Amino acid sequence: MTPVHFAFSSAFMLGLTGLAFHRTHLLSALLCLEGMMLSLFIALSLWTLQLGSTSFSAAPMLLLAFSACEASAGLALLVATARTHGTDRLQTLNLLQC
């Protein structure tokens, strides 16, 4: 495994462990998701550059578009949660209450 691949896989794993273990605020979970998507985007971009094929050149832009949609949906949920519950702490949220 090259150092570049190790760096991006470790960045993805750090984002995943941050998402798994530090789930106190919704904003920190969203930041971990964005870090994971950023490492995936850079890794996919480097992979298409190394491959040298033009058929995979649209894949990083498609991933970036889905990442932007995920970020906007997450921020909308964050604003809605902060307005209804007064905080973004995940322990105060209950899925059984509407």
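**Exercise 1. Burial and overall form**

Find what share of the 98 residues in the protein chain is buried.

*Solution.* Start with the cut-offs: buried means under 20% relative accessible area, exposed over 50%, and partly exposed in between (1.4 Å probe, protein chains only). By that count, buried residues make up 19% of the 98 residues.

Note the ground rules. This is a predicted model, where local features need pLDDT of at least 70, side-chain atom pairs count only at pLDDT 80 or more, and totals for chains, interfaces and linings use all residues. Residues are numbered from 1 along each chain as its sequence is written, and side-chain values use heavy atoms, with hydrogens and water left out.

Next, list the elements. Helices (H or I, at least four residues) and strands (E, at least two) are DSSP runs, numbered from the N terminus. The chain has three helices and zero strands. Their order from the N terminus is α-α-α. The radius of gyration is 17 Å, well over the 13 Å that the globule rule gives for 98 residues, so the chain is more spread out than a compact globule. That radius is taken over C-alpha atoms, and the globule rule is 2.2 Å times the number of residues to the power 0.38. Along the principal axes, the C-alpha atoms fill a box of roughly 50 × 25 × 20 Å.

**Exercise 2. Helix spans**

Check the end-to-end distances of α2 and α3 against the expected spans.

*Solution.* The expected span of a helix is 1.5 Å times one less than its number of residues. Take α2, residues 26-51: its 26 residues should span 38 Å, and its end C-alpha atoms are 37 Å apart, which agrees. Now take α3: 27 residues should span 39 Å, and the end C-alpha atoms are 38 Å apart, which agrees.

Then look just past each end. Gly-52, just after α2, has a positive phi of about 75°. Gly-86, just after α3, has a positive phi of about 85°.

**Exercise 3. Buried faces**

State which residues of α2 are buried, and what covers them.

*Solution.* The buried residues of α2 are Leu-26, Ala-29, Leu-30, Cys-32, Met-36, Met-37, Ser-39, Phe-41, Ser-45 and Thr-48. Their cover includes α1 (3-21) and α3 (59-85).

Turn to α3. Here Pro-60, Leu-63, Ser-67, Gly-74, Leu-78 and Thr-81 are buried. Their cover includes α2.

Zoom in on Thr-81, which lies in helix α3. It counts as buried because its relative accessibility is 12%. Contact means heavy atoms within 4.5 Å. Leaving out residues up to four places away in sequence, Thr-81 touches Leu-26, Gly-86, Thr-87 and Leu-93.

**Exercise 4. The nonpolar patch**

Name the residues of the nonpolar surface patch, and the element that gives the most to it.

*Solution.* Patches are made of residues with over 30% relative accessible area and no salt bridge; like charges are joined within 9 Å, nonpolar side chains (Val, Leu, Ile, Met, Phe, Trp, Tyr) within 5 Å. A salt bridge is a side-chain nitrogen of Lys or Arg within 4 Å of a carboxyl oxygen of Asp or Glu. Val-4, Leu-38, Ile-42, Leu-46 and Leu-49 make the patch, about 430 Å². The most comes from α2, with four residues. Val-4 sits in helix α1. It is partly exposed, at 41% relative accessible area.

**Exercise 5. A loop residue**

Decide whether Ala-58 is buried or exposed.

*Solution.* First place Ala-58: the loop between α2 and α3. At 52% relative accessibility, Ala-58 counts as exposed. Its C-alpha atom is separated by 9.5 Å from that of Ser-45, 13 residues apart along the chain.

How values were computed:
Areas by Shrake-Rupley, 256 points an atom, 1.4 Å probe, with all protein chains shown as cover.
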